[in-house]
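This report describes a single chain, beginning with its overall form and then turning to the ligand shell, a pair of helices and several individual residues. Please read it alongside the sequence and the structure shown here.

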Amino acid sequence: EKMGEITNMMEYQAIAKQKLPKMAYDYYASGAEDEWTLKENREAFSRILFRPRILIDVSTIDMTTSVLGLKISMPIMIAPTAFQKMAHPEGEYATARAAAAAGTAMTLSSWATSSVEEVASTGPGIRFFQLYVYKDRKVVEQLVRRAEKAGFKAIALTVDTPRLGRREADIKNRFVLPPNLTLKNFEGLDLGKMDQAADSGLASYVAGQIDRTLSWKDVKWLQTITTMPILVKGVITAEDARLAVHSGAAGIIVSNHGARQLDYVPATISALEEVVTAAQGRIPVFLDGGVRRGTDVFKALALGAAGVFIGRPVVFALAAEGEAGVRNILRMIREEFELTMALGGCTKLSDITRRHIFTEDDRLG
Ligand code: FNR
């Protein structure tokens, strides 16, 4: 049966659910434990309302911006999500091409099913490398050097995963990477395979390989092995925002890992303002988590974000339509954001202010 035309990025989730094996779909869709934060990442956006300005000439809208000095077409980028070839045979290649075509940045996961070199081979594009720090620091050094050599422009250091969050669907499914796929960045390092485990194969892999001792001094250490700027991904408090600034981070990504780590942390959009205030404009603050609409992007920017990243919709669109699907979600959210700016009375990103929105706290205060 033919469905009507896809009109927003959320519609790809149902198609992905039909198309993908249950183990793959559940891995992509799940959050941790009760999935309270998963729901809240969306619901918190819906509690923020607009204060649009009228009678402003909005005949031309400029959505361009720069991130770490790199020009992008819109403040909407692609978050790292692991194992994209489980969604579509072209996996990360398709995502890289779609991001480049849209003129925006893509973040490649450490646990990609395509290597940094393979992704670079797709042609020019702005790419960041998401880093998980392994116990074996030689492996980390080697990987960071390879990313730098392959033309990656920044490291997104994930700091919310000393252990894997409890994703109960993955435990029930005994989640493991399909046998035809490997963690391509670790192939040849004997770390490219994930073994079947008594529970989630990924949780066991993390427990075996990822360095739980990771601390702020390692953020400094990373700066001694690379010239790439470091974005600290997974900050949701003012305290940690201040520490990120002091440890030389080039930016912060307010993230709760798509609600897959600690359940009952606030939605990222609820934590954003305290992080922005603490960063005092010294480094840019980005956000991911539940961004699905152009209105969400506007709200994040109004609360001080320099840009946003999108996670799950990319893998769902990949599953449905490969590169064309990813291109389509980027096109749809871009058009929605442009319309939101026009209806909100903003012609460029710097026009978007805190006064263009109000939250429940504003109403109480
Ligand atoms: C992720 N995320 C993630 N983060 C990271 O730093 N390294 C990774 O390998 C992955 N892998 C991953 C896989 C899947 C299937 C999901 C859904 C998420 C987290 C991701 O970068 C981002 O923080 C969230 O996905 C953003 O939330 P939304 O857009 O999915 O709601």
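## Overall form

Helices and strands are here DSSP runs, of at least four residues (H or I) for a helix and at least two (E) for a strand, numbered from the N terminus. The model is a predicted one, and in these terms the chain has 14 helices and 12 strands.

The chain has 365 residues and a radius of gyration of 19 Å, which agrees with the value near 21 Å that a compact globule of this length would have. Along its principal axes, the C-alpha trace spans about 60 × 55 × 40 Å. Of the 365 residues, 50% count as buried, and among the contacts between residues at least 6 apart in sequence, 74% join residues that are at least 24 apart.

## The ligand shell

Around the ligand there are 23 residues, of which A79, S109, G258, G311 and R312 come nearest. Divided by class, this shell has 8 nonpolar, 11 polar and 4 charged residues.

## The packing of α10 and α11

Two packed helices are described by the angle between their axes and the distance between the axes. For helix α10, residues 238-246, and helix α11, residues 268-279, the angle is about 35° and the axes are 8 Å apart. The crossing of α10 and α11 is right-handed.

On the α10 side the contact involves A238, A241, R242 and V245, which meet E274, V275, T277, A278 and A279 in α11. The residues of this contact between α10 and α11 divide into 6 nonpolar, 1 polar and 2 charged.

## Two residues with positive phi

Most residues other than glycine have a negative phi. Which backbone angle is positive at E33, although E33 is not a glycine? It is phi, with a value of about 45°. E33 lies in the loop between α2 (22-29) and α3 (36-46), and it counts as partly exposed because it has 17 C-beta neighbours inside 10 Å, where 20 or more would make a residue buried and 12 or fewer would make it exposed.

Y264 likewise has a positive phi, of about 70°, and is not a glycine. Its place is in the loop between β9 (251-254) and α11, whose packing against α10 is described above. Y264 is exposed, since 12 other C-beta atoms lie within 10 Å.

## T353 and I78

T353 is found in the loop between α13 (312-344) and β12 (357-358). With 13 other C-beta atoms within 10 Å, T353 is partly exposed. Along the chain T353 and F298 are 55 residues apart, and their C-alpha atoms are separated by 9.4 Å.

Is I78, in strand β4, buried or exposed? I78 is buried, because 26 other C-beta atoms lie within 10 Å, and its strand, β4, covers residues 76-78. Leaving aside neighbours within four places in sequence, I78 is in contact with T95, A99, A105, M106 and T107, and also with F309, I310 and V314. The C-alpha atoms of I78 and P162, which are 84 residues apart along the chain, are separated by 23 Å.

Methods. Residues are numbered from 1 along each chain as its sequence is written. This is a predicted model: local features need pLDDT of at least 70, side-chain atom pairs count only at pLDDT 80 or more; totals for chains, interfaces and linings use all residues. The radius of gyration is taken over C-alpha atoms; the globule rule is 2.2 Å times the number of residues to the power 0.38. Two residues are in contact if their C-beta atoms, placed from the backbone, lie within 7 Å. A residue is near a molecule or strand if its C-beta atom, placed from the backbone, lies within 6 Å of it. Ala, Val, Leu, Ile, Met, Phe, Trp, Tyr, Cys and Pro count as nonpolar, Asp, Glu, Lys and Arg as charged, and the others, Gly among them, as polar. Axes are lines fitted to C-alpha atoms, for helices over the stretch in contact, and angles run from 0 to 180 degrees between N-to-C directions. A crossing is left-handed if the near helix is turned anticlockwise from the far one by less than a right angle, and right-handed if clockwise.
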